[in-house]
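Here are my notes for someone opening this one for the first time. Have the structure up while you read, and click along as the residues come up.

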Amino acid sequence: MTPAVSLPAHHRLSLYPSLSPSLSPPLPPLTTAPGPAMFGTESSLSMFLNTLTPKFYVALTGTSSLISGLILIFEWWYFRKYGTSFIEQVSVSHLRPLLGGVDSSSPSNSTTSNGDTDSNRQNVSECKVWRNPLNLFRGAEYNRYTWVTGREPLTYYDMNLSAQDHQTFFTCDSDHLRPADAIMQKAWRERNPQARISAAHEALELEDCATAYILLAEEEVTTIVEAEKLFKQALKAGEGCYRRSQQLQHHGAQYEAQHRRDTNVLVYIKRRLAMCSRKLGRTREAVKMMRDLMKEFPLLSMFNIHENLLEALLELQAYADVQAVLAKYDDISLPKSATICYTAALLKARGVSDKFSPEAASRRGLSTAEMNAVEAIHRAVEFNPHVPKYLLEMKSLILPPEHILKRGDSEALAYTFFHLQHWKRVEGALNLLHCTWEGTFRMIPYPLEKGHLFYPYPICTETADRELLPTVFHEVSVYPKKELPFFILFTAGLCSFTAMLALLTHQFPELMGVFAKAFLSTLFAPLNFIMEKVESVLPSSLWHQLTRI
């Protein structure tokens, strides 16, 4: 057996160079019980930050940018397809019921599908301009406004359309056979108001001319009372011409044209007389005159006398009669109007608006009657989205024009000018409208391309309204643009911010590392302060046990 050899200590160490004191630093002395300072959050955070490399920050910001970009793309696609934010819809549909809320801004289901829209399309021009059935008197109302304010309430385009209407309704090819009618044919073509008035007086010197009385009642007199007197004189002359032409209408095309012209004149006079009675406070008399006129001439729907009747019945608060008129004229085959749609909504809102509360509806949901009222409001807003801001007095009113564009700002002005008082009279109706009207736009993500209950919203309405309305002192309302949901904007901002961070970290890794450390140190400074206070209060042994756990 070989005897064991005992070597000196320095020789033993040289056999293992890796353990040599010159190549390996001495190990720190072990302690039996580490103190709480070793486990301080500040030193741990510093060690963690020191171990991070710029590549980590680049990877972190790049991954965040990629994830937020994917969320943005998905949100945008979902919004383009369904018209709402996916995150917002999930929050409202799933999270809000868990918290005890119910979405009451729009009905949950619809009774009309998009497939029925095509059958409801009307074969009319998108931008067809209609005569305002409630148009004011030029002399007694429009001119008085000009005298007081110095502003012209009517545009040249609007007055030119009125001149064309007058020539269509009040003239015919045989006017040259009667001297007074020949003078009035030239008068309707005059641009100068004084020239028209002088021509009307000249025609009356020859004979009692109904159209001459009409022109003077519309443009010369300055009060409704004087206008009514002239229309009564026009009625006597017009009835005589109508009876004579009625007997001769079958004798030839010329007499038939005369009879058609005399019919238009008579209907116009009676309608304006009814409007005079309504303006002078004799509402029941005006209602009777309008009903008689509609019975006598049921086929002359171009004057839209039923809209005058609806407004007068609302003034009498005869809601049952209003519903009867709506049942007759709120038909698919007839052109819709803001008056019909919003009057129908007002009647349905009248039954629930006095007790309606958004808070109560969000807790218990909408009742059947409330659901019907909300659907009627959505239907009206889809037809003309400009009316609610005028009814809620979010936009100022001006005098309505003589012509309107259906579904446009001009129609909204004309409707609100006469019907705002009726909405205010029904308790809670404007509150219900305020709470529900914006829900319409969630059902119509692309109103210019696809409608819900009506055909798509005409693109040309803004251009036509700018011709009809005085843009000098009135801001024309355009179709309310659907705003992007908050989550899409937030995701887009987050994606842009993280992408910018990734780019800066890649270009300036050391500088961004310094900024990141400073930011995290500042962010965790309150936490470090709290931890230090806790360490100073708690016993060392208890704190040691907590840190080990």
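The points below go through salt bridges, aromatic rings, two helices and a surface patch.

1. Before anything else, keep in mind that this is a predicted model. Everything below describes that prediction, so read the distances and angles as values computed from a predicted model.

2. Let's start with charges. Side chains of opposite charge can pair when their charged atoms come close. This structure holds 18 salt bridges. A good one to look up is the bridge between Asp-165 and Arg-131, with 3.6 Å from N to O. Asp-165 belongs to helix H6 and Arg-131 to strand E1 (residues 129–131), so the pair links distant parts of the chain, 34 residues apart. Both Asp-165 and Arg-131 are buried.

3. Next, find Glu-402 and Arg-138, whose side chains meet in a salt bridge at 2.9 Å, N to O. Where do Glu-402 and Arg-138 lie? Glu-402 is in the loop between helix H18 (387–391) and strand E2 (403–405), while Arg-138 is in helix H5 (residues 138–149), so this pair ties together parts that are 264 residues apart in sequence. Glu-402 and Arg-138 are both buried.

4. For a bridge with a mixed setting, go to Arg-178 and Asp-181, where the closest N and O atoms are 2.6 Å apart. Arg-178 is partly exposed, with a relative accessible area of 22%. Asp-181, on the other hand, is buried, at 9%. While you are on salt bridges, note a network too: bridges that share partners join Arg-138, Arg-196, Glu-219 and Glu-402.

5. On to the rings. There are six aromatic pairs in the structure. One of them is Phe-170 with Tyr-268: the ring centres are 5.2 Å apart and the planes sit at 75°, so this pair is edge-to-face. Phe-170 is in helix H6 (residues 156–170) and Tyr-268 in helix H11 (residues 253–279), which makes this a link between distant parts of the chain, 98 residues apart. Is Phe-170 buried or exposed? Phe-170 counts as buried because its relative accessibility is 3%, and Tyr-268 counts as buried at 3% as well.

6. Another pair is made by Phe-417 and Phe-418, with ring centres 5.1 Å apart and planes at 75°, so here too the pair is edge-to-face. The two residues sit in different accessibility classes: with buried meaning under 20%, Phe-418 counts as buried at 11%, whereas Phe-417 counts as partly exposed at 32%. Going back to Phe-170 and Tyr-268, add Trp-188 to your view, since Phe-170, Trp-188 and Tyr-268 form one aromatic cluster.

7. Some charged side chains lie over rings as well. Arg-272 is placed over the face of Phe-137, 4.0 Å from the ring centre. Lys-406 does likewise with Trp-130, at 4.1 Å from the ring centre.

8. Now helix H17, residues 368–383. How does the span of H17 compare with what its 16 residues should give? At 1.5 Å a residue the helix should span 22 Å, and its end C-alpha atoms are 23 Å apart, which agrees. In H17, 12 of the 16 residues are buried, so the helix is largely enclosed by the rest of the structure. Among the buried residues are Glu-370, Met-371, His-378, Arg-379 and Phe-383.

9. A smaller stop is Thr-436, found in helix H20 (residues 429–436). Thr-436 counts as buried because its relative accessibility is 1%. Its C-alpha atom is separated by 9.3 Å from that of Glu-375, which is 61 residues away along the chain.

10. Last, look at the surface. Phe-497, Met-500, Leu-504, Phe-508, Leu-511 and Phe-515 form a nonpolar patch there, with about 590 Å² of accessible area together. Helix H23 (486–507) and helix H24 (509–537) each supply at least two residues of the patch. Which helix gives the most? That is H23, with three residues. Leu-511 lies in H24, and at 47% relative accessibility Leu-511 counts as partly exposed.

Terms used: Residues are numbered from 1 along each chain as its sequence is written. This is a predicted model: local features need pLDDT of at least 70, side-chain atom pairs count only at pLDDT 80 or more; totals for chains, interfaces and linings use all residues. Side-chain values use heavy atoms; hydrogens and water are left out. Patches are made of residues with over 30% relative accessible area and no salt bridge: like charges are joined within 9 Å, nonpolar side chains (Val, Leu, Ile, Met, Phe, Trp, Tyr) within 5 Å. Accessible areas come from the Shrake-Rupley method with a 1.4 Å probe; for residues, only the protein chains shown count as cover. A salt bridge is a side-chain nitrogen of Lys or Arg within 4 Å of a carboxyl oxygen of Asp or Glu. Helices (H or I, at least four residues) and strands (E, at least two) are DSSP runs, numbered from the N terminus. Buried means under 20% relative accessible area, exposed over 50%, partly exposed in between (1.4 Å probe, protein chains only). The expected span of a helix is 1.5 Å times one less than its number of residues. Rings of Phe, Tyr and Trp (its six-membered ring) pair if their centres lie within 6.5 Å; planes under 30 degrees apart count as stacked, over 60 as edge-to-face and the rest as tilted. A charge sits over a ring if NZ of Lys or CZ of Arg is within 6 Å of the ring centre and within 35 degrees of the ring normal.
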